[in-house]
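Colleague: I should like to take a close look at one part of this model, the surroundings of its bound molecule. Please take me through them step by step.

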Amino acid sequence: VKIAVISQDKAYLEEVARILKGTDASFQPDLFVGDSDRMAAVAEQSHADLLVLDQICEDARQLAALEQLLPLHPGMAVIMLSRNQSSDFLIQAMRAGVREVLPAPADPNALLDAISRVQKRIASVASRAKGKVLAFIPCKGGSGATFLAANLGYALAAAEHKSVALIDLNLQFGDAFLFVSDRPAPFNLSDVVRQIQRLDASFLASSMISVLPNFGVLAAPDEPESLVTIKPEHIELLLNVAINHYDYVILDIGRVLDAVSIKAMDHANVIFPVLQLTLPFVRDAKRLASVFRALGYPEDRLSMIVNRFEKGEITLDDVEKTVGLKVFRTIPNRFASVAASINQGVPIVKLAPRDPVSKALEALAHDLVHGTGEHHGWLKGLLHLE
Ligand SMILES: Nc1ncnc2c1ncn2[C@@H]1O[C@H](COP(=O)(O)OP(=O)(O)OP(=O)(O)O)[C@@H](O)[C@H]1O
Ligand SMILES: [Mg+2]
């Protein structure tokens with residue numbers, strides 16, 4: 001564990017270092033003599049897992065600076081030793097993301113106890129395998145990306161017993177939760193972003209609609225102002241928290257390519273461009289593929305899904321040649337059952353388990369989890385399956 005300690009008291013720093021090293025050889029304390037103006041540089045340079053601030057940031061203005069700093073270092077926990085123990089101050093410190101506040105001057109042994117508590121929490125998160133991020137993007141409006149994202153999420157949770165978060169990133173016209181839920185969304189992405197300092201697993205879970213105990217949906221914002229308030233940094237933080245707590249994080253990207261959607265796709269293990277077998281879709285798929293190329297996304301991370309598939313004039317071979325990407329899957333065209341599922345807000349796998357679309361979604365979920373099927377080797381590498 002890398003521990004950075006900032007204090008104005010050199011003797012105290014040395015005593016802490018001595019006790020830390022004497023307790024556990026894996027503790028590597030980095031000591032900094034200084035005040036709150038050193039925080040940003042120390043956080044940046046030390047790559048610490050844990051930052052201890054001794055009698056630093058004890059007023060509201062400095063605490064606000066800390067609050068701005070912490071989202072930039074999501075992997076770093078903070079313990080404060082403070083003479084200020086007023087409840088207002090403690091609440092503000094917790095809001096800023098501080099894990100523990102001990103009264104200062106702190107007995108180094110009390111500090112050691114706090115460090116081992118925080119360390120245990122860090123370890124329990126780190127020992128968990130990180131979740132996989134799957135991004136669905138329509139090559140053109142109405143291709144079925146939202147339907148597939150929402151229903152694949154349900155299939156992974158219901159049939160494969162994985163924990164799944166579906167995050168609706170259609171900031172303007174998001175409606176993904178309505179595909180799998182008939183209830184209104186109590187909170188949405190903009191509520192999370194508004195309180196981003198509070199973001200942790202339980203806050204995220206409580207902001208989602210729980211479709212199943214192991215399947216939650218974070219709805220898209222419902223007011224247009226959030227278009228400007230939601231920033232790529234927020235998405236980064238959100239995904240960092242989500243992959244630590246869910247086996248699969250499914251993103252419904254929408255048609256707008258902007259800084260937010262690109263940040264989201266940067267974090268995806270697999271991107272699924274969704275299209276249908278008509279020329280306008282194929283043309284837009286080709287454009288999208290060239291955008292991906294410009295963004296530097298490797299081809300093996302891009303897996304086209306042909307939705308509403310029926311044999312016709314255009315073949316899958318034609319699509320692959322024109323677009324320059326592999327077709328990973330096809331999903332059959334079943335208007336009546338898909339429309340019934342969407343209209344009722346009931347996942348198709350639940351509403352019509354024998355429908356060919358349900359079968360295709362369950363097979364897709366199975367392959368993603370077990371790495372079976374014809375894309376065996378490819379999936380294994382991409383999703384780090386053992
Ligand atoms: N496999 C399918 N068979 C028949 N109809 C389908 C199928 N998949 C989707 N649809 C139809 O396509 C419509 C559009 O689907 P969806 O809203 O998921 O598309 P989208 O790509 O997310 O579009 P948008 O760009 O508007 O977000 C649905 O309302 C549904 O009726
Ligand atoms: Mg959509």
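Which residue has a polar side-chain atom 3.4 Å from a nitrogen atom of ligand 1?

Modeller: That residue is Asn333. The model is predicted, with local features requiring pLDDT of at least 70 and side-chain atom pairs pLDDT 80 or more, whereas totals for chains, interfaces and linings use all residues. Residues are numbered from 1 along each chain as written, chains are lettered from A and ligands numbered from 1 in written order, and side-chain values use heavy atoms, without hydrogens or water.

The Asn333 pair is a polar contact (here, N or O atoms within 3.5 Å). Backbone atoms also take part: a polar one of Gly144 is 2.9 Å from an oxygen atom of ligand 1, and a polar one of Phe147 is 2.8 Å from an oxygen atom of ligand 1. Taken alone, ligand 1 exposes 640 Å² (Shrake-Rupley, 1.4 Å probe), of which the protein buries 83%.

Three elements each give two or more residues to the shell around ligand 1: helix H6 (145-158), strand E12 (304-309) and helix H14 (335-344). They are DSSP runs of at least four residues for helices and two for strands. Altogether, 18 residues surround ligand 1 (a heavy atom within 4 Å). Gly144, Thr146, Phe147, Arg255 and Asn307 are the closest. By class, the shell comprises eight nonpolar, seven polar and three charged residues, with Gly counted as polar.

As for the wider setting, the protein has 17 helices and 13 strands. Its C-alpha atoms fill a box of roughly 80 × 40 × 35 Å along the principal axes. Of its 386 residues, 52% are buried (under 20% relative accessible area).

Note on methods:
Polar contact = N/O pair within 3.5 Å; in protein donor to acceptor, adjacent residues only side chain to side chain. Buried < 20%, exposed > 50% of the residue type's maximum accessible area, 1.4 Å probe, protein only.
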